[in-house]
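Colleague: Hi! I'm new to this one, could you walk me through it?
Modeller: Happy to, let's put it up on the screen.

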Amino acid sequence: MSHETILIQVGLADKPRKSRWPARLDLLQSITGLFLALFMWGHMTLVASILWSKDAMWTIARFFEGYFIFGKGYPWLVSCIVGFIILVVVAHALMAVRKFPINYRQWRVIHAHAKMMKHEDSTLWVWQAYTGFLLFFLASAHLYQMIIWPQNIGPYVSSYRVWSEGVWPLYLVMLLAVELHACIGLYRLTVKWGWPNLSRETLRKVKWGLTAFFLVLGFLSLVAYMKIGYEHRTRVGERYTPTWVVEKERGAQQG
Ligand code: HEM
């Protein structure tokens, strides 16, 4: 039976052809969401290097500036990475706003689902929408700082930002929002695409485990930056240089 015949038989022949775009946009939303969630895990692990040592955080920051390739750091390389992340965030946000309830009636329906039916997945969806909305503003502030002042990333300069420039409240709220948002998002992706093929109950347990892990890691890192920032509050502007770099530079001057 031809495609046209089927359309005639089900009474859709005179209706406009269905567009493939909603499905394509859905796929784009999933891909950008997956990318950003994985990026966040990597980002949190790198930011947490401060818990290991100041040298470790310094080395990671310089690595992204190309220091170990060119023998000198080029912070604009970090700005390029931030620029790319901004593009992905904007694409993801654009795809996401299509799904936001656009009037009070739609909000009431989803809240009723979540509350009256005690439907956990609907409740998670509401949390994802709220945290995503919050991230529009919080992430913009953070990404703006990172793209404009990429040279100010390091054990001391990051800590001055966190403590003396008062950015820690922003990071605290953003940490909660982003970890909830990313883990709920990944959970919803696994349910949607059916991989890995585990029960929803197991997936939810994994999700809460990962959320707790990254929240604790992020919180401890934030406290570490706040502590360094507090201890150095009277020496804002001073930059951290590992001993081996100081010795290398001294050696080069003498040589
Ligand atoms: C390429 C883009 C990004 C770069 C280079 C970057 C870099 C950094 C750095 C260096 C810190 C340590 C504190 C500081 O220096 O101010 C930090 C902290 C943080 N970033 Fe990012 N970031 C990026 C993107 C994002 C995005 C997209 C989010 C989430 C929306 C995010 C969320 C956070 C949070 C929550 C903290 C605080 C972490 C903590 O608890 O210690 N970052 N980021």
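Modeller: Let's begin with glutamate 179, which is found in helix H9, residues 168-193. Keep in mind that this is a predicted model.

Colleague: Okay! Is glutamate 179 buried or exposed?

Modeller: Glutamate 179 counts as buried, because it has 25 C-beta neighbours inside 10 Å and the cut-off for buried is 20 or more.

Colleague: And what does glutamate 179 touch?

Modeller: Leaving out residues up to four places away in sequence, glutamate 179 touches Thr211, Phe214, Leu215 and Gly218.

Colleague: How far is glutamate 179 from serine 30?

Modeller: Their C-alpha atoms are separated by 17 Å, while along the chain glutamate 179 and serine 30 are 149 residues apart.

Colleague: What comes after H9 on the way to H10?

Modeller: There is a loop between H9 and helix H10 (200-231), and proline 196 lies in that loop. A cis peptide bond joins tryptophan 195 to proline 196, with omega at about 0 degrees.

Colleague: Nice. Switching topic: at what angle do H2 and H5 pack?

Modeller: Helix H2 (residues 21-47) and helix H5 (residues 76-97) pack at about 135 degrees, and their axes are 9 Å apart. That makes H2 and H5 oblique to each other, since an angle has to be over 145 degrees to count as roughly antiparallel. H2 passes H5 in a left-handed crossing.

Colleague: Which residues make that contact?

Modeller: From H2, they include Leu25, Leu28, Phe35 and Phe39; from H5, they include Ile85, Val88, His92 and Met95. The residues of the contact divide into 11 nonpolar, four polar and no charged.

Colleague: Tell me about leucine 25, then. What is it in contact with?

Modeller: Leucine 25 belongs to helix H2. Not counting neighbours within four places in sequence, leucine 25 is in contact with Met95 and Arg98. Leucine 25 is partly exposed, as 15 other C-beta atoms lie within 10 Å. From leucine 25 to tyrosine 130 the C-alpha distance is 21 Å, and these two are 105 residues apart in sequence.

Colleague: One last stop: how many residues of H6 are buried?

Modeller: The number is zero out of 13, so H6 lies largely in the open.

Colleague: What span should H6 have, going by its residues?

Modeller: Helix H6 covers residues 104-116, and at 1.5 Å a residue it should span 18 Å. Its end C-alpha atoms are 17 Å apart, which agrees. Just after H6, lysine 118 takes a positive phi of about 45 degrees.

Notes: Residues are numbered from 1 along each chain as its sequence is written. This is a predicted model: local features need pLDDT of at least 70, side-chain atom pairs count only at pLDDT 80 or more; totals for chains, interfaces and linings use all residues. Axes are lines fitted to C-alpha atoms, for helices over the stretch in contact, and angles run from 0 to 180 degrees between N-to-C directions. Helices (H or I, at least four residues) and strands (E, at least two) are DSSP runs, numbered from the N terminus. Angles under 35 degrees count as roughly parallel, over 145 as roughly antiparallel, 65 to 115 as roughly perpendicular and the rest as oblique. A crossing is left-handed if the near helix is turned anticlockwise from the far one by less than a right angle, and right-handed if clockwise. Two residues are in contact if their C-beta atoms, placed from the backbone, lie within 7 Å. Ala, Val, Leu, Ile, Met, Phe, Trp, Tyr, Cys and Pro count as nonpolar, Asp, Glu, Lys and Arg as charged, and the others, Gly among them, as polar. The expected span of a helix is 1.5 Å times one less than its number of residues. A residue is buried if 20 or more other C-beta atoms lie within 10 Å of its own, exposed if 12 or fewer, and partly exposed in between; C-beta atoms are placed from the backbone.
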